[in-house]
Amino acid sequence: PLDAVLEGLFHLLGELFDVEVREEPNELSWAKDVHFYRLVNRSTGGPVASFFLDAHRRAGQKRRGFWASRIQGYSELLGDRHGPRRP
C-alpha cells in the first residue's frame, strides 16, 4: 500500500538527511489525490524543499513510465540566491 511505502521512505529520508517530511494543505493541487509535502531540517526547523506527489494514474493525463517536472529551482551552491521560493 502507498501509505506504508511513503511512511518508510519518509523515515529513511529523516534518518539519512536529518529532515522531517510534513504533509501540508495546498490550494495549488490539481487533483484531490495530489498531496503537497514540505521537507524541514530537524535541527534548525528551516525549510529544505517542497514537492507535490501525484502517485495515482489517471487515464489520458499522464505519460507512461517515470517523469518529473521541476516547478521552481534554488541553488545556493550555483549562485541562485533569490531565496527559496515556495509554491
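Trainee: Is Asp-18 buried, partly exposed or exposed?
Mentor: In this predicted model, Asp-18 sits in the loop between helix 1 (2-17) and strand 1. Its relative accessibility is 29%, and because buried means under 20% and exposed over 50%, the class that remains for Asp-18 is partly exposed.

Trainee: What is the phi of Asp-18, and is the value positive or negative?
Mentor: Most residues other than glycine have a negative phi. Asp-18 is a residue other than glycine, and yet its phi is positive, near 55 degrees.

Trainee: In which order do the strands of the open sheet lie?
Mentor: Strand 1 (residues 19-24) pairs with strand 2 in the antiparallel sense over 6 bridges, and strand 2 is also joined to strand 3 (residues 47-53) by 6 bridges, again running antiparallel. The result is an open sheet of 3 strands with the order 1-2-3.

Trainee: Which are the edge strands of this sheet?
Mentor: In the order 1-2-3, an edge strand is one that pairs on one side only, and this holds for strand 1 and strand 3.

Trainee: How many degrees does the twist average from one strand to the next, and which strands does helix 1 touch?
Mentor: From one strand to the next, the twist averages 25 degrees. Helix 1 packs on the sheet with its direction at about 140 degrees to that of strand 1, and the strands touched by helix 1 are strand 1, strand 2 and strand 3.

Trainee: How many residues of strand 2 are buried?
Mentor: Strand 2 spans residues 35-41 and is mostly covered. One of its residues, Val-40, is the bridge partner of Glu-20, while Tyr-37 has its bridge partner, Phe-51, in strand 3. Of the 7 residues in strand 2, the number buried is 5.

Trainee: Which residue takes a positive phi in the hairpin of strand 2 and strand 3?
Mentor: This hairpin has 5 residues between the strands. The positive phi there, near 80 degrees, belongs to Gly-45.

Trainee: Which element of the protein chain has the lowest mean pLDDT?
Mentor: Over the protein chain the mean pLDDT is 79, and 67% of the residues reach 70 or more. Where pLDDT is low, the predicted coordinates should not be read in detail. Among the elements, strand 1 has the highest mean, 95, and the lowest, 90, is that of strand 3.

Definitions and conventions. Residues are numbered from 1 along each chain as its sequence is written. This is a predicted model: local features need pLDDT of at least 70, side-chain atom pairs count only at pLDDT 80 or more; totals for chains, interfaces and linings use all residues. Side-chain values use heavy atoms; hydrogens and water are left out. Buried means under 20% relative accessible area, exposed over 50%, partly exposed in between (1.4 Å probe, protein chains only). Helices (H or I, at least four residues) and strands (E, at least two) are DSSP runs, numbered from the N terminus. Two strands pair if DSSP finds at least two bridges between them. pLDDT is the predictor's confidence in each residue, from 0 to 100. Axes are lines fitted to C-alpha atoms, for helices over the stretch in contact, and angles run from 0 to 180 degrees between N-to-C directions. Contact means heavy atoms within 4.5 Å.
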